Amino acid sequence: MSAPGDRRGAGHAAPQAAAPLLEVDGLSAAYGAVQALTEVSLQVMPGEIVTLIGANGAGKSTLLMTLCGEPKPRAGRVVLAGEDITGAPTHAIMRRGVAQSPEGRRVFPRMTVRENLLMGAEALTREDPTPQLERVFALFPRLKERLAQRGGTLSGGEQQMLAIGRALMSKPRLLLLDEPSLGLAPLVVKQIFEAIRALNAETGLTVLLVEQNAFQALRLAHRGYVLVNGRITMAGTSQDLLARPEIRAAYLGGH
Amino acid sequence: MSPIRSPEGTPASPGGVNRTGKASPAAAVKDAALAALVAFGLFAMMVGLRTEIGPEGALVLRQRWGDVAILCLLVFLGRLVLSLWLGRRRIAASTAPGRWTARLQQAGRLFAPAMLAVALTLPAITQGDRYLLDLGILVLTYVMLGWGLNIVVGLAGLLDLGYVAFYGIGAYAYALLATEFGFSFWLGLPVAGILAAFWGVLLGFPVLRLRGDYLAIVTLAFGEIIRVVLLNWVSLTGGPDGISGIPRPSFFGLPFTMSGGEGSFAGTFGLEPSPSHRVIFLYYLILGLALLTNWVTIRLRRQPLGRAWEALREDEIACRALGINVTITKLSAFAIGAMFGGFAGAFFATRQAFISPESFTFIESAIILAIVVLGGLGSQVGVAIAALVMIGGFEIFRDLGEYRMLVFGGAMVVIMVLRPRGLVGTRTPSIALGQKRAISGELVGEGHG
């Protein structure tokens, strides 16, 4: 595996030599009779930012949730670092080094910022959380200013920072981000994406990013997958996908 | 559970009050007239028309429109005053605790130790006044039940309408163990608690996936099932006759007998035998049990488990995303809450020496839940104050006879209007950086922020 520093910026090819950190193979999931995912296969290499783009209701969030064990897949396999985690309970999957910043942020509104962050570490590690707390503050200095404030009183952007910071507290190997740009001003989105880029460049953290904001997501990620009606229709490097006319027409507003 | 709130987190304005907080009198009058109309619709049937048995034995219809008019007028004026008065309060968004919140907090710092001091010295203060001590025991029983339920409802956010079932299970467990197998109180107490905790887990399993209203319905049903079983399993529980002759507690083996002979409490300590010894002992027993409940709750709140409960109350999906085992967290809240209910039940059985299913009806669950909600969900001091006000207040208004319920209901409405998040509607962070700050619950909505 090459040094993480050289993969800064978009479009770099993923290191193909290493074994994938996350491998999803023929995954299908359904809510009752409604088929949400059909034979989805994707790979995330260590140190990579991979994005999953698609329209509303394409199954992006469902895929992330299925990776985390809810709903249980109907078919297919999920392999994390060579270990089959298909159908394992959520808390067991998280314990293997996965962290998720869920859709809609879901910070604990009546807990302080500090408590929110510590909740991220509590269930999964027994280490002293202080050093990791400092790392999160270095990434999002705003959180340090808001330390004693309740989660529910933060602005949307701060809540998103808190949700990502909280997920980072368990020192995950794989960070799952579900629509971090949702409902945020473009400037704030830029800040948050910049932080994710820095995190990946400096620590080599592997990120699977689910986004509707395809343009921003592809600029950030190394590779991307396009999900349409629960199926992967396209895959490739970000530069590749950004250049394709059908992507430009469907997701980038034709510019 | 929570009052309807506008998106900004301010209490929903009653009609006639606009967003900026200025009441327009015309709108307020219109709103009050509407309320009076609704009241008329209700009271016309309930009060206005009355069937009575006439002198010839036939049903006659008696009309009481005067009373209806008085009631409607009262509703009209009450609503008018409420609209205009609430409208004058300006609700400003700020992270600073509200005026009342700050004041209550300040008072709380002194109040809790003061209350504890009064509680500890009550037998001395009352000079052994039997009535006051009995009232103290009653209030403390509800304080303990409130604190127990607070774990489930206040901390873990699981709305439990059947809490009285665990109270009943604890009482029956101790009563049966004592009368059938001769268990002493100090042996029966933990067993009753463990049995109640076991039933708490048993209730927890089927409701793991339920939240809010659905959870409330199932727990309500659970409470009723337990009561109906107690009522109908005559061979075990004695059915409606209940269990009598439950042994009174002894002072660690020394019975409270009136003869005062060798081996009794009075004899051993060289005291004049007095019936108040047992009452004083019972008082300190329930005080100790209640304080144990409080201590365990406060300790657990600072532990990972307690914080997981609070996180669960705030957002279950986020909990899952953080790797918290939601199943264990929920079941442990049910189990520990139920255990304290069981302890209280065992105490109740030994104090009364007689129990029957009548003591474990839904109204008990409702009163305990009201204590928790009025006190402010999750607040220990608030629950204690609410229990004192509700149970003590209920006794004070005993002379009012059936109007007591009216005062009781009115007091609840007033508290919920003035303090929609309960008497002490704040949450002190379990991890604080330097100075502890509490933010008024009024500013933080339920659910997602």
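Biologist: What radius of gyration would a compact globule of 255 residues have, and what does chain A have?

Modeller: The rule, with the radius taken over C-alpha atoms, is 2.2 Å times the number of residues to the power 0.38. For 255 residues a compact globule would come near 18 Å, and chain A has 17 Å, which agrees. Before we go on, this is a predicted model, where local features need pLDDT of at least 70 and side-chain atom pairs count only at pLDDT 80 or more, while totals for chains, interfaces and linings use all residues. Residues are numbered from 1 along each chain as its sequence is written, and chains are lettered from A and ligands numbered from 1 in the order in which they are written.

Biologist: Thanks! How many helices and strands does chain A have?

Modeller: We take DSSP runs, numbered from the N terminus: H or I of at least four residues for a helix, E of at least two for a strand. Chain A has 10 helices and 10 strands, and its C-alpha trace spans about 45 × 40 × 40 Å along the principal axes.

Biologist: What percentage of chain A is buried?

Modeller: Count the other C-beta atoms, placed from the backbone, within 10 Å of a residue's own: 20 or more is buried, 12 or fewer is exposed, and in between is partly exposed. By that count, 49% of the 255 residues in chain A are buried.

Biologist: Which backbone features should I look at in chain A?

Modeller: Most residues other than glycine have a negative phi, and most peptide bonds are trans. Here the bond from A:E70 to A:P71 is cis, with omega near 0°; A:P71 sits in the loop between α1 (60-67) and β4 (75-80) of chain A. A:A81, in the loop between β4 and β5 (83-84) of chain A, has a positive phi near 50°. A:A81 is partly exposed, because 15 other C-beta atoms lie within 10 Å. A:K171 also has a positive phi, of about 50°, and is found in the loop between α6 (156-168) and β7 (174-178) of chain A. With 18 C-beta neighbours inside 10 Å, A:K171 counts as partly exposed too.

Biologist: On to chain B. Which residues touch the most other members of the largest nonpolar core?

Modeller: In soluble globular proteins, nonpolar side chains tend to be buried together. A nonpolar core is a set of buried Ala, Val, Leu, Ile, Met, Phe, Trp, Tyr and Cys residues joined through C-beta atoms within 7 Å. The largest one has 166 residues, and B:V143, B:M144, B:Y174 and B:I286 touch the most other members. Apart from it lies another core of nine residues, including B:F43 and B:C72.

Biologist: Where is the kink in α1(B) centred?

Modeller: The bend at a residue is the angle between axes fitted to the seven residues ending there and the seven starting there. In α1(B) the kink is about 35°, centred on B:L42. The end C-alpha atoms of this helix, residues 25-48, are only 30 Å apart, short of the 34 Å a straight helix would reach at 1.5 Å a residue.

Biologist: And which residues of α7(B) are buried?

Modeller: They are B:A216, B:T219, B:F222, B:G223, B:I226, B:R227 and B:L230. Taking directions from the helix axis to the C-beta atoms, they cover an arc of only 125°, which puts them on the same side of α7(B). The face turned away from that buried side carries exposed residues, among them B:D213 and B:Y214.

Definitions and conventions:
The expected span of a helix is 1.5 Å times one less than its number of residues.
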